[in-house]
Every structure is written in structure tokens, then in C-alpha cells.
Amino acid sequence: MNQPLFFAWVGAALFGIGLYGLLVHGHLMRKIVALNVMGNGVFLVFIALARRDPLVTDPIPHAMVLTGLVISVSATAFALVLLKRLARQAQAQESSEHDS
Amino acid sequence: MFPDWLAWVLLSDLFPWLLITLGAVFFLAGTAGLVRFPDLFSRLHALTKADNLGLGLICLGLAWHNKSPSVALKLLLIWLLVLLASAVSCHLIARYALHSDSKVWKQRHD
Amino acid sequence: MIEWLFDGLLAIGLLWLGWRTVVSAELFKAIVMFIVLGLFMALCWARLAAPDVALAEAAIGAGLIGALLLDAYRALVAERWQADDRNAKPLVAASLAILSSVLIGGLAWALLFSPEPVVDLNAQARARLADSGVGNPVTAVLLNFRGYDTLLEVGVLFLAWLGLWTVGEQESNSAATGAWVEDSDLLTALVRLLAPLGVLIGVYLLWAGANEPGGAFQAGTVLAAVGVLLRLSGRLRPELSPDLWVRFGVTVGLLVFSAIAVGVIPVGGNLLEYPGDWAGLLIVVIETSLMVSIALILTLLFIGSAGLRRGGS
């Protein structure tokens, strides 16, 4: 049992926890947050495995996780913009139904 | 004027760890306040005051440990920035709470 | 021993926070737990000798995503959105939990017996580091060895912005519109101090990225944090249609990167194969333009519209 394997296991567990959250919740924002937990788990596995050789850290997974972080934040932000739009439209529809 | 034992303590490798441990104790106190205090305002008070002092001690300990002026300056900058940010965010949270009539805890005199 | 203690506590913290994020009854609590999870992840990267990722995570995972989620939460509350928050029924939830646990077990098993890499990319990357034009191996991989990853990533950011243009809205119920925030003198003073300092730190990170932890991603995120601050204090406001400056800023990273990627073909022979002596300079040029685009697009994603304009005050 070494440190990289230990953290890779933690990453796998975070992935599983996030997946459970994604499937079990109906609320869309909860799903977005759970998806991000899953993403964190994946990143953790990557960075942990970059340390398999304890002397030289592998820069390639680091670069991929950096790319992934920026992608995941932009995807999350876009998902939240869509969610806000959805909420606004649902609200508008509801109030127009009240009026008629 | 300057006792030998004080010089020994200041120069020993243990001194920075002493500062860092003390800093961690202040963080612990601040967290205890956050959990245990009755209303938002006293919680903010515990969080901002104790944590800022704790962070200052930890930064001082790390700077002492590193013995490098550039690292010390960076740590000082970090501390000052956190002080500023926590003062302003504390102010904003308290102001919002005041505007939205958050409950203020009052000691009961029975 | 003490390191195992620290790692163990870190792991328990990560798993507990992940679990609380997923199962908290209130959405707000879940969001706060997720922000703290981001901070723990940053600690974790530091423990795993990944300072580049730790810098980006502290700015993105804890800072930017937190601001985005809280802002969206506030907007949903303001709309009084009746979300479809019917959760899975207990029996379904239990079986999902069991299936997720089985998946975790399977992944742990696979990790335990993961095969040795066939090609040692790590050694290859380090052996050619001197030819890359930069001293930080992570920057070398991002901008040189695997430049196409980064090129496509900027493409994804650009797509996110196009999507924003399609669905973005002028007026918004986001947290930023509260008047009680905007007329705070203390916040004004803080923004006056932090905005230039943030720009300075961003440019420093970009410059340091050639040889030390840092680079266009970290710098862009710090600048985006400045943008978030300017939005929260009312100095930036959404605008449905982006003006020329915004269009230029959003596309400059993609344009410069693509132009250089194609432009070196006659010299190097392949896409993205920089000529040796020019590699360092080209990487700085690409990184600077990337920083501008990343910062601007992330700020716009927070603002929630494709364009922006200067606000009053």
C-alpha cells in the first residue's frame, strides 16, 4: 500500500459517490454539483497515478487535469446558465397561466 | 538584557513549529466559535478575529522556517490580503444580515 | 508515520465532504460542502506534488465554481423555481447505492492491478524538456508536446461562449444586482486595491509558468476572479450583444494559437511543431493570448451574457 494507490482509491470512491448523487437526485442543480464531485474523483485518480514513480512526477497527467479543470468549470458555468434560463421560463409560464 | 535561553528558543528549529501550532490553536478556537456561538454576528466575530491571528502566526512560523526574505514577503502579502478580504466580506455579510433582519442574540437577565 | 496521519485525515475529509455534498438535504448546504471539497482537493494536489494543479484548483475549484454555484442558487431562489426535486424512491436509492459501491470496488480492484505503462511518456517528456523552450515540464506538455489538447480546449471555451450568446440574457436576478453590495464603500476600496493587484499576480503567474508552477490557465483564472469581483461590485454589467473588443478578446487565444500551429508547418513540417530556437518565444505569445481569452470567457460565463459593458459608479 503506497500513497499514490491510496489517493487513487479515494478518487475512485469520490467518483462513485458523485455518480450516486447524480442518479439519486431529481433537482438539476444537485445533478450539476454531483457531476463535479465525479470530476474531482477522476482528477484525483490521474494525479495520484502521476506519482507511481515516486522519484519523477509525470507531468502529462498534470497537464491533462489542468485542461480538464478549465473545461469542467466552463461546462458547469454553461449548465448553470441553461438552468437559470429554464427557471426564468418556468416562472414566466406560471405567471401567464395565473393571469389567464 | 537578552537572556541566553530566549536566544536559544528563537534560533532553534522548534520555534517555527511552536508558532505554527499556536496558530492552529487559534484556528481551532475560531472554528469552535463558529460552531458554538448563538448568532451570525458573534460567529463572524469569532471567525474573522481568531482565524486572522492564527493565519498570521502560521505565516510568521513558515517565514521563520524558510529564512528567505522573498518567501517572507510573499507570506506577508498573503496575510495582508486575507486580512483585507476577511474584513470586507465580514462587513458585507453583517450588512446583509442587518438589512434582512437577522436575529440578534441578547443575553437574558433573569 | 505523521505523513500517513495527514494523508489519512485528508482522505477522510475528502470522502466525508463528497458524501455530504451528495446527500445534504438542502441545496445550499450541498453547495457549501462542495466549495470546501474544492479547498481539500487543492491541499491534496499539494500533497501529491502537483503545484500547478493546486494553483488552478484553488482558483477554479474553490473560487470560481463556488461563485458560480452560489450565484445560480441565488437566481433560482429569486425566481422561486419549483424544481423537480423528486428524488429516487428509497428502494431505488438503496440499489443505486449498492451499484455505486460495486463500481467503487471494481475501480479499486482495477487500480490495484493496473498494468505498467507500455510507453514511458514521463521519461520521453523529461528527456525532450530541453527542446521545448520552457523549463516547467507541465507547461512544456500543455503548450508543446500535447499542444493540440490545449488548442482544442480553447475551442471548447469558445463553444461555451457561443452557447452563452445563444441563451444569455440581459437582465438577471443574479446576486450581483443587490444594491446593498454596490454602494458599500469598503467593497469599493477593496476592489480598487485588489483589481490591479490581481492583474499583477495574473501576469506574474503567466511569466513564472515558463519555469515554475504557473501558466496561462492559472493566470487566466486569477484574472477571471478579478472579473467576478468587478461584476459583484457593479463595475461590469451584462450586455446581450458583444462589442468588437469583447469579440476580439474572446477569439484572440484561439486565433493566435491556430495561426501559429498552422504557420509552423512550412518550417517544422508538422502541425504545432515549433522550430527549436523560436519555441520559447512562441509559447509566451500563445500563453499571453490564451490568458486573455480564458479570463474573458470565464468572466462572461459568470456574468451570464455574451457581452459586457462598464457599469456606473
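1. Let me start with K67(B), which sits in the loop between α3 and α4 (69-99) of chain B. Its phi is near 55 degrees, a positive value in a residue other than glycine. K67(B) is exposed, with 9 other C-beta atoms within 10 Å; the cut-off for that class is 12 or fewer. Please keep in mind throughout that this is a predicted model.

2. Chain C offers a companion case in A49(C), found in the loop between α2 and α3 of chain C. A49(C) is not a glycine, yet its phi is positive, at about 55 degrees. With 15 other C-beta atoms within 10 Å, A49(C) counts as partly exposed.

3. On confidence, the model scores ipTM 0.93 and pTM 0.88. For chain C, the mean pLDDT is 85, and 93% of the residues reach 70 or more. Confidence in chain C is highest in α1(C), at 93, and lowest in helix α8 (residues 179-182), at a mean of 56. Where pLDDT is low, the predicted coordinates should not be read in detail, so I would ask you to keep that in mind for α8 of chain C, with its mean of 56.

4. Now the overall build of chain C. The chain has 13 helices and two strands, and its C-alpha atoms fill a box of roughly 60 × 55 × 40 Å along the principal axes. Of its 313 residues, 43% are buried. Taking contacts in chain C between residues at least 6 apart in sequence, 75% join residues at least 24 apart.

5. Which chains touch? Of the two pairs of chains that touch, A and C have the most contacts between them. Chain A and chain B are joined by no contact, and their closest C-alpha atoms lie 23 Å apart.

6. The interface of chains C and A deserves a closer look. Here 79 residues of chain C are in contact with 64 residues of chain A. On the chain C side, the elements that give two or more residues include α1 (2-23), α4 (90-112), α7 (147-167) and α13 (279-303). The most comes from α3(C), with 13 residues. By class, this side of chain C has 55 nonpolar, eleven polar and 13 charged residues.

7. As for chains B and C, seven residues of chain B are in contact with seven residues of chain C. The chain B side divides into four nonpolar, two polar and one charged.

8. Within chain B, how do α2 (residues 14-36) and α3 (residues 40-66) cross? Their axes come within 7 Å, at an angle of roughly 165 degrees. An angle over 145 degrees counts as roughly antiparallel, and α2(B) and α3(B) are therefore roughly antiparallel to each other. Their crossing is left-handed. The contact of α2(B) with α3(B) has 21 nonpolar, six polar and two charged residues.

9. A similar question for chain C: at what angle do α9 (residues 185-208) and α10 (residues 216-232) pack? The angle is about 170 degrees, with the axes 7 Å apart, and that makes α9(C) roughly antiparallel to α10(C). Among the residues making the contact are V191(C), L194(C), G198(C) and L205(C) of α9(C), and A219(C), V222(C), V226(C) and L229(C) of α10(C). The contact divides into 16 nonpolar, three polar and no charged residues.

Terms used: Residues are numbered from 1 along each chain as its sequence is written. Chains are lettered from A and ligands numbered from 1 in the order in which they are written. This is a predicted model: local features need pLDDT of at least 70, side-chain atom pairs count only at pLDDT 80 or more; totals for chains, interfaces and linings use all residues. Ala, Val, Leu, Ile, Met, Phe, Trp, Tyr, Cys and Pro count as nonpolar, Asp, Glu, Lys and Arg as charged, and the others, Gly among them, as polar. Helices (H or I, at least four residues) and strands (E, at least two) are DSSP runs, numbered from the N terminus. pLDDT is the predictor's confidence in each residue, from 0 to 100. Axes are lines fitted to C-alpha atoms, for helices over the stretch in contact, and angles run from 0 to 180 degrees between N-to-C directions. Angles under 35 degrees count as roughly parallel, over 145 as roughly antiparallel, 65 to 115 as roughly perpendicular and the rest as oblique. A crossing is left-handed if the near helix is turned anticlockwise from the far one by less than a right angle, and right-handed if clockwise. A residue is buried if 20 or more other C-beta atoms lie within 10 Å of its own, exposed if 12 or fewer, and partly exposed in between; C-beta atoms are placed from the backbone.
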